[in-house]
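Welcome, and please open the model in your viewer. We will go from stop to stop, and at each one you will hear what to select.

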Amino acid sequence: MLHSLLKNLEKHNTIPILLPPHPILHKIAEEVSHKDMDFIKKILPSMFKTMYEAPGIGLAAPQVGISKRFYIMDLSREDEEPDPKILINPEIIEKSETLSSREEGCLSLPQQFAEITRPEKVKIRYQNIEGKWIEEEGDDLKAACFQHELDHLNGVLFVDHLSSLKRSRILKKLTKDQRKKG
C-alpha cells in the first residue's frame, strides 16, 4: 500500500483524500516508529501540497490512506508566511474544563460544516520529524485543530461528535454531493 502510494506520487504530487465510509477513517492509527521516518519524510511534501490545494489547515495521515499517528497543519493566514507543522505520535496531556464551540469542516467531508464543542485550551505532546519530543499549548482555532486532527488518528470524524440525526444528514448530503460530481 505505502509503496504504491509513493509510486503514484511520482506522477501526481498530490494524494487523494479519503471520504466516508472508507474503513481507515474509523480505525485507530498505529504509532509511528523510528523505521517509519524515512517514508514520512518522503510523503510530507505531497501531504502539504494536498492540504494547501484542498484548501485546508490540517491533514491527518489516515485521511490519505496511511494508518500512522501523524498529521500536518498550518494555521497561517493568506497574508502571512506559511507555518507548517508536523506532529508525530501526538497526545493531549492537559485540557481545560472550559469548553468552546466553533464551526468545523473536514477535508474528508468536503463542503460539510457543523458546530462542534471541545475543550477551549489544550496542551499537547508530540514528536517532530527529527524524533524530538515537544510540548505545545493551544487555544481557540489552534486547540480545535489539534483536537480535530488527533481525532482522525483515533478513528473519529468531527461528525461523530454530533447527534445521530445531524451526523446522518451531513453524511447523506456528502453522498449526494459526491454523486453529482460523478
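**First stop: Leu18**

Select Leu18, which is buried, with a relative accessible area of 17%. Here buried means under 20% relative accessible area, exposed means over 50%, and partly exposed lies in between, with a 1.4 Å probe and protein chains only. Before going on, please note that this is a predicted model, in which local features need pLDDT of at least 70 and side-chain atom pairs count only at pLDDT 80 or more, while totals for chains, interfaces and linings use all residues. Residues are numbered from 1 along each chain as its sequence is written, and side-chain values use heavy atoms, with hydrogens and water left out.

Leu18 sits in the loop between helix 1 and helix 2. Helices (H or I, at least four residues) and strands (E, at least two) are DSSP runs, numbered from the N terminus. Now add Ser108 to your selection: the C-alpha atoms of Leu18 and Ser108 are separated by 5.8 Å, though the two residues are 90 apart along the chain. What else is Leu18 in contact with, leaving aside its neighbours within four places in sequence? Its partners are Ile24, Leu25, Pro62, Gln63, Val64, Gly65 and Ser108. Contact means heavy atoms within 4.5 Å.

**Zoom out: the whole chain**

Colour the protein chain by secondary structure, and look for four helices and seven strands. Their pattern along the sequence is α-α-β-β-β-β-β-β-β-α-α. The radius of gyration is 16 Å, close to the 16 Å that the globule rule gives for 182 residues, so the protein chain is as compact as a globular protein of that length. That radius is taken over C-alpha atoms, and the rule is 2.2 Å times the number of residues to the power 0.38. Turn the C-alpha trace along its principal axes, and the spans are about 45 × 40 × 35 Å.

Of the 182 residues, 43% are buried. Among contacts with a separation of 6 or more, 65% are between residues 24 or more positions apart.

**Next: the nonpolar cores**

Select Ile40, Met47 and Phe70. In the largest nonpolar core, which has 19 residues, these three touch the most other members. A nonpolar core is a set of buried Ala, Val, Leu, Ile, Met, Phe, Trp, Tyr and Cys residues joined through side-chain atoms within 4.5 Å. Helix 2 (37-53) and strand 2 (70-73) are the elements that give two or more residues to this core. Helix 2 gives the most, with eight residues. Focus on Ile40 to find Val32, Phe70 and Ile129 touching it, not counting residues up to four places away in sequence.

For a second, separate core, select Leu109, Ala114, Phe158 and Leu162, which are included among its 13 residues. In soluble globular proteins, nonpolar side chains tend to be buried together.

**Along helix 2: Phe48**

Stay in helix 2 and pick Phe48. Is Phe48 buried or exposed? At 11% relative accessibility, Phe48 counts as buried. Not counting residues up to four places away in sequence, Phe48 touches Ile72, Met73, Pro84, Lys85 and Ile86. Draw a distance from Phe48 to Ile15, 33 residues apart along the chain, and their C-alpha atoms are separated by 9.7 Å.

**Backbone details**

Most residues other than glycine have a negative phi, and most peptide bonds are trans. The next four selections are worth a look with that in mind.

- Pro20 and Pro21: the peptide bond between them is cis, with omega near 10°. Pro21 is in the loop between helix 1 (2-12) and helix 2.
- Ala54 and Pro55: a cis peptide bond joins them, with omega about -10°. Pro55 is in the loop between helix 2 and strand 1 (58-60).
- Asn89: this residue of strand 3 (85-95) has a positive phi of about 50°, although it is not a glycine. Asn89 is buried, with a relative accessible area of 6%.
- Asp140: found in helix 3 (140-153), this residue is not a glycine but has a positive phi of about 50°. Asp140 is partly exposed, at 42% relative accessible area.

**Last stop: Lys132**

Finally, select Lys132 in the loop between strand 6 (121-127) and strand 7 (133-139). Lys132 is exposed, with a relative accessible area of 55%. Lys132 touches Tyr126 and Gln127, not counting residues up to four places away in sequence. Add Lys166, 34 residues from Lys132 along the chain, and you will find their C-alpha atoms separated by 40 Å.
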